[in-house]
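Please look over the structure below with its packing in mind. The notes that follow take up a pocket, a core and a helix in turn.

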Amino acid sequence: MSDSPTQELLFLYELEELLKSRKEEMPKGSYTTSLFQEGVEKVIQKVGEEAVEVLIASMSDQEEEIIYETADLIYHLTVLLVQKGIPLDRIAAELKSRSR
C-alpha cells in the first residue's frame, strides 16, 4: 500500500529535520555537511544548477527526469532554507496566503 499524498508531503518536514541535524552535527562524509561547510554561495549555486536542470528536463518532456531533477531542486532549496534559518512552515504559510 502506498502512502497518501499527505504522508508523502509530510516527508518534506522530515527532510528539513534531517538537514537541521546535519547542520548541527556535521557528520563526516555527508554530502549535506559538505554543502554547509562550503557556505551559502555554494548552496545558491547548486539551487541555480538544479533549477536549470529541471527546465532542461521539462523541455525534453521526460517525466522521470523531471521528477528526479525536481527532487534535487527541492533538496537543495531546503538546504538553503535551513542554512538561512527559514522553516518550511513559513513557505507553506506564504503559499497558503496566495490561494485566498
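In this predicted model, the lining of the largest pocket divides into 10 nonpolar residues and 1 polar residue, with no charged residue among them. The volume of this largest pocket is about 230 Å³.

**Pocket lining**
- The residues that line the largest pocket are L9, L12, Y13, I74, L77, T78, L81, L88, I91, A92 and L95.
- Two or more residues of this lining are given by each of α1, α4 and α5, the last of which covers 88-98.

**Nonpolar core**
- The largest nonpolar core holds 12 residues, namely L15, L19, L35, F36, V43, V47, V54, L73, Y75, V79, L80 and V82.
- Two or more residues of this core come from each of α1 (5-25), α2 (31-38), α3 (40-60) and α4 (63-84), and the largest share, 5 residues, is that of α4.
- L35, one of the core residues, is in contact with K42, V43, K46, Y75, H76, V79 and Q83, once its neighbours within four places in sequence are left aside.

**Helix α4**
- Because a rise of 1.5 Å a residue should give the 22 residues of α4 a span of 32 Å, the 31 Å between its end C-alpha atoms agrees with that expectation.
- The buried residues in α4 are E69, L73, Y75, H76, T78, V79, L80, L81, V82 and Q83, and what covers the buried residues of this helix includes α1, α2, α3 and α5.
- Just after α4, G85 takes a positive phi of about 75 degrees.

Definitions and conventions. Residues numbered from 1 in each chain as written. Predicted model: local features only at pLDDT ≥ 70, side-chain atom pairs only at ≥ 80, totals over all residues. Heavy atoms only, no water. Core = buried A, V, L, I, M, F, W, Y, C linked by side-chain atoms within 4.5 Å. Buried < 20%, exposed > 50% of the residue type's maximum accessible area, 1.4 Å probe, protein only. Helix = DSSP H or I, 4+ residues; strand = E, 2+ residues; numbered from the N terminus. Contact = heavy atoms within 4.5 Å. 1 Å grid on protein atoms, 1.4 Å probe; cavity = no way out; pocket = protein on both sides within 12 Å on 5 of 7 lines; lining within 4 Å. Points joined across faces, edges and corners; volume = space filled by probe spheres on them. Nonpolar A, V, L, I, M, F, W, Y, C, P; charged D, E, K, R; others polar. Expected span 1.5 Å × (residues − 1).
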